[in-house]
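Biologist: I should like to learn how to read a model of this kind, feature by feature. May we begin once the structure is in view?

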Amino acid sequence: ASIQGGGGLTSALTDVWAGRANLHQRRGRAGRVRAGIAYHLISKARYEALEDATPPEMLRAPMHELILALKNLNMGGAREVLQEVVDPPGHEQVMRALEALVQIGALDEYE
């Protein structure tokens with residue numbers, strides 16, 4: 001499950017399908033320490049329709065929550081930190097979240 005935002009400042013857990021790469025990785029782990037089997041209870045058609053990989057959690061989670069977590073960890077300015085990640089979120093998405101957080105008083109205009 002992942003956390004999805006509905007555009008506002010609330011979030012809810014939603015289920016997301018694993019990507020094929022996740023299933024292959026899980027299959028590789030079964031039997032590493034002792035004999036094992038990985039069961040994937042989906043149809044062949046569903047398996048073939050899966051994405052190769054799921055998007056990073058950072059891109060699926062509500063941006064305002066991610067920004068607040070970064071601020072809580074004292075990692076610096078959210079814009080700067082998020083530009084340095086492997087799969088950075090869109091600039092507009094970051095700016096909308098920052099504006100909303102400033103508007104409710106969670107951050108100041110200097111973040």
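The dialogue below takes up confidence, fold, core, surface, loops and salt bridges in turn.

Biologist: How should I treat the confidence values before I look at anything else?

Modeller: This is a predicted model, and where pLDDT is low, the predicted coordinates should not be read in detail. Here the average pLDDT is 83, and 87% of the residues score at least 70.

Biologist: Where is confidence lowest, and where is it highest?

Modeller: Strand S1 (residues 2-5) has the lowest confidence, with a mean of 46, while H6 has the highest, at 93. Over residues 1-6 the pLDDT stays under 50, although the model has 24 contacts beyond four places in sequence for that stretch. I would therefore set the detail there aside, since coordinates of low pLDDT should not be read closely.

Biologist: How many helices and strands does the protein have, and in what pattern do they follow along the sequence?

Modeller: There are 6 helices and 2 strands. The pattern along the sequence is β-β-α-α-α-α-α-α. Among contacts between residues at least 6 apart in sequence, 57% join residues at least 24 apart.

Biologist: What share of the residues counts as buried?

Modeller: Of the 111 residues, 19% are buried. The accessible surface comes to about 8100 Å², and carbon and sulfur atoms account for 53% of that area.

Biologist: Which residues make up the largest nonpolar core?

Modeller: That core has 12 residues, including Met63, Leu66, Leu70, Val81, Leu82, Val94 and Leu101. Helix H4 (63-72), helix H5 (78-83) and helix H6 (91-103) each contribute at least two of the core residues. Val81 offers a local view: leaving aside residues up to four places away in sequence, Val81 touches Leu70, Met75 and Gly76.

Biologist: Which residues form a nonpolar patch on the surface?

Modeller: Ile37, Tyr39 and Leu41 form such a patch, with about 450 Å² of accessible area together. Ile37 is placed in the loop between helix H1 (20-29) and helix H2 (44-49). The relative accessible area of Ile37 is 63%, so this residue counts as exposed, the cut-off being over 50%.

Biologist: Is Pro89, a loop residue, buried or exposed?

Modeller: Pro89 lies in the loop between H5 and H6, and because its relative accessibility is 11%, Pro89 counts as buried. Setting aside residues up to four places away in sequence, Pro89 touches Met58, Leu59, Met63, Leu82 and Val94. Three of these names, Met63, Leu82 and Val94, also appear in the largest nonpolar core. The C-alpha atoms of Pro89 and Arg60 are separated by 9.5 Å, and the two residues are 29 apart along the chain.

Biologist: What should I look for in the backbone angles?

Modeller: Most residues other than glycine have a negative phi. Asn74 has a phi near 55 degrees, a positive value in a residue other than glycine. Asn74 is in the loop between H4 and H5, and at 69% relative accessibility Asn74 is exposed.

Biologist: How many salt bridges does a search of the whole structure find?

Modeller: The search finds 3. In one of them, Arg20 pairs with Asp52, with the closest N and O atoms 2.5 Å apart. Arg20 lies in helix H1 and Asp52 in the loop between H2 and helix H3 (57-60), so this pair ties together parts that are 32 residues apart in sequence. Arg20 is partly exposed, at 21% relative accessible area, whereas Asp52 is exposed, at 52%.

Biologist: Where do Arg60 and Glu57 lie, and how do their side chains meet?

Modeller: Both lie in helix H3, 3 residues apart, about one turn of the helix. Their side chains meet in a salt bridge, at 2.4 Å from N to O. Arg60 is buried, with a relative accessible area of 16%, while Glu57 is partly exposed, at 36%.

Biologist: Are Arg96 and Glu92 buried or exposed?

Modeller: Both are exposed. Arg96 and Glu92 lie in helix H6, 4 residues apart, about one turn of the helix, and their side chains form a salt bridge at 3.8 Å, N to O.

Notes. Residues are numbered from 1 along each chain as its sequence is written. This is a predicted model: local features need pLDDT of at least 70, side-chain atom pairs count only at pLDDT 80 or more; totals for chains, interfaces and linings use all residues. Side-chain values use heavy atoms; hydrogens and water are left out. Buried means under 20% relative accessible area, exposed over 50%, partly exposed in between (1.4 Å probe, protein chains only). Contact means heavy atoms within 4.5 Å. Accessible areas come from the Shrake-Rupley method with a 1.4 Å probe; for residues, only the protein chains shown count as cover. A nonpolar core is a set of buried Ala, Val, Leu, Ile, Met, Phe, Trp, Tyr and Cys residues joined through side-chain atoms within 4.5 Å. Patches are made of residues with over 30% relative accessible area and no salt bridge: like charges are joined within 9 Å, nonpolar side chains (Val, Leu, Ile, Met, Phe, Trp, Tyr) within 5 Å. A salt bridge is a side-chain nitrogen of Lys or Arg within 4 Å of a carboxyl oxygen of Asp or Glu. pLDDT is the predictor's confidence in each residue, from 0 to 100.
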